[in-house]
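User: I would like a close look at a single part of this structure, with the cut-offs behind each term spelled out. Please take the aromatic pairs as the starting point and work outward from there.

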Amino acid sequence: MRPPMSPTDSMFLLGESRDHPMHVGGLILLRPREGTTAADLGALFTATAEDDEVAPLWRKRAVRSLGTFGQWAWEEDANFDLSYHVRRNALPQPGGLDELWDLVSRLHSTLLDRSRPLWQIHVIEGLADGRLAVYTKIHHALADGVGAMKLLRRALSPDAERPGMPAPWAPFDTPGRHHSSGTALDLPEAAMQVVRTATSEVTGFVPALAGTVNRALRGVGGSLSLAAPNTVINVPISGTRRFAARSWPLARLRAVARAADATVNDVVLAMSSGALRAFLSEQGALPDKSLVAMVPVCLRPDKDCAGNEVGVLMADLGTDLADPADRLARVSASTTEGKASMQGMSPPLSRLAASALGVAPLAVGILTRNRALPRPPFNVIVSNVPGSPDPLYWNGARVDAVYPLSVPVDGQALNITCTSTDDAIAFGLTSCSRSLPQLRPLLDHFDTALGALEDAFDLVPVTDEASFRAG
């Protein structure tokens, strides 16, 4: 029997076209252990592709027929060929990060073959610094961004001496779907499930949704925004992608957060604010009104985002303010107000309903190519996914960085996703290359924005090994 897809998963297939690829990705940089090379590590990785042991998740392909009543469903690929999905690549000289970003940008631009399971892994050699890069792309119908990163990290270990470690596609103790409940794009589906299965609590939704709309009308932090201005990044997109990334010591962001009585996520947003303000100012395209970011957040105090304790907030980025400390204060006030409004909702299921209201325009935009939206519901998605606080390894090779790649959609030509590994935080920027062809200047603005925040609070920049490892 073919299990049907959830409505959210189907949305990413229905909304996909050549100009709108719907896959996410991750890029891992591995430093070979002493006495080995990237070629040795690459050979070890690709040798695992000769093993026929593949978890069911990686064998699933999408199908739609009369037997599924025209709906998308999953079935196991009877002709599954692992060698098609695991590929080996080499960088042109000089083999620097610029060449790596260019290759990954091209790989991230191509559609996945729907006649096969919707994923590929590329093992990339040729980095001049001796590291090995592993790029993975997986369709958003199969796994969301957080889920994809979890699938990659699941094959890693904090034990530097552990041998014989499996590849990401190998069977594990918990096979099957690995969605995180903490992603924004899962919320419409979750909200529909709430409506179907918890009718006894539906009376709590009405005041929650009314309050959400009222807060949006008053311009107060919450799950819905009605104030996002049109900008040059809120335009129709093409299918080509541009990717670039950079890492900073996490200690630098923590120091700013302590000095400002804010959170690390607030500092991530303030860096994004400063970078976007500078970028738009250079083009003479900075709106008078502040940009708005959609931010998935954890609402539980212990930060264990299980069950229904996840929401979506619309954060005021304060891009209309020149002072970096003032921008951070605006960001922190906006996220604090938004979290307080959602934590005060009862029952907790109302938080999902409120978040779904804010995310609904994004789903509409995906399905209609943004034809139904006269203005952007927000300007940019900024997501920060915490990772392992400890060093991670694969068969003795140290993970230097984990860079996330996401899905630009019509009206959202830029996506900013962060993830932390060990003592570094990586910012991955994914854009439509027609709308935003150059991302290195924008990354430079992120660096300047962090330095400006440190200057605003008289902080001495913290340096550590992470800034040299991640490069």
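How many aromatic pairs does the structure hold?

Analyst: The structure holds eight aromatic pairs, where rings of Phe, Tyr and Trp (its six-membered ring) pair if their centres lie within 6.5 Å, planes under 30 degrees apart counting as stacked, over 60 as edge-to-face and the rest as tilted. This is a predicted model, in which local features need pLDDT of at least 70 and side-chain atom pairs count only at pLDDT 80 or more, while totals for chains, interfaces and linings use all residues. Residues are numbered from 1 along each chain as its sequence is written, and side-chain values use heavy atoms, with hydrogens and water left out.

One of the pairs joins tryptophan 58 and tryptophan 119, which meet edge-to-face at 4.6 Å centre to centre, with 75 degrees between the planes. This pair links distant parts of the chain, since tryptophan 58 belongs to helix 3 (residues 56-59) and tryptophan 119 to strand 5 (residues 119-125), 61 residues apart; helices (H or I, at least four residues) and strands (E, at least two) are DSSP runs, numbered from the N terminus. Tryptophan 119 also pairs with tryptophan 169: the ring centres are 6.3 Å apart and the planes stand at 25 degrees, so this pair is stacked. Here too distant parts of the chain are linked, with tryptophan 169 lying in the loop between helix 6 (145-153) and helix 7 (187-197), 50 residues apart from tryptophan 119.

Tryptophan 58 and tryptophan 119 are both buried, a term that means under 20% relative accessible area, with exposed over 50% and partly exposed in between (1.4 Å probe, protein chains only). The relative accessible area of tryptophan 119 is 0%, and tryptophan 169, at 1% relative accessibility, counts as buried as well. Phe45, Trp58, Trp119, Trp169 and Trp394 form one aromatic cluster.

Strand 5 leads from the cluster into the sheet. An open sheet of six strands has the order 4-5-6-1-12-11, with mixed pairing, where two strands pair if DSSP finds at least two bridges between them. Strand 4 (86-90) and strand 11 (393-394) stand at the edges with a single partner strand each, so one side of each is left without a neighbour in the sheet. Strand 5 and strand 6 (residues 132-139) run antiparallel and are joined by six bridges, and valine 123 has valine 134 in strand 6 as its bridge partner.

Two helices pack on this sheet. Helix 2 (residues 38-47) touches strand 1 (23-31), strand 4, strand 5, strand 6, strand 11 and strand 12 (397-405), and its direction makes about 160 degrees with that of strand 5; contact means heavy atoms within 4.5 Å, and axes are lines fitted to C-alpha atoms, for helices over the stretch in contact, with angles running from 0 to 180 degrees between N-to-C directions. Helix 5 (residues 97-109) touches strand 1, strand 4, strand 5, strand 6 and strand 12, and the direction of helix 5 makes about 150 degrees with that of strand 1.

Another ring, that of tyrosine 84, has charged partners. The charged end of arginine 116 sits over the ring of tyrosine 84, 3.8 Å from its centre, and arginine 87 lies over the face of tyrosine 84 at 4.6 Å from the ring centre; a charge sits over a ring if NZ of Lys or CZ of Arg is within 6 Å of the ring centre and within 35 degrees of the ring normal.
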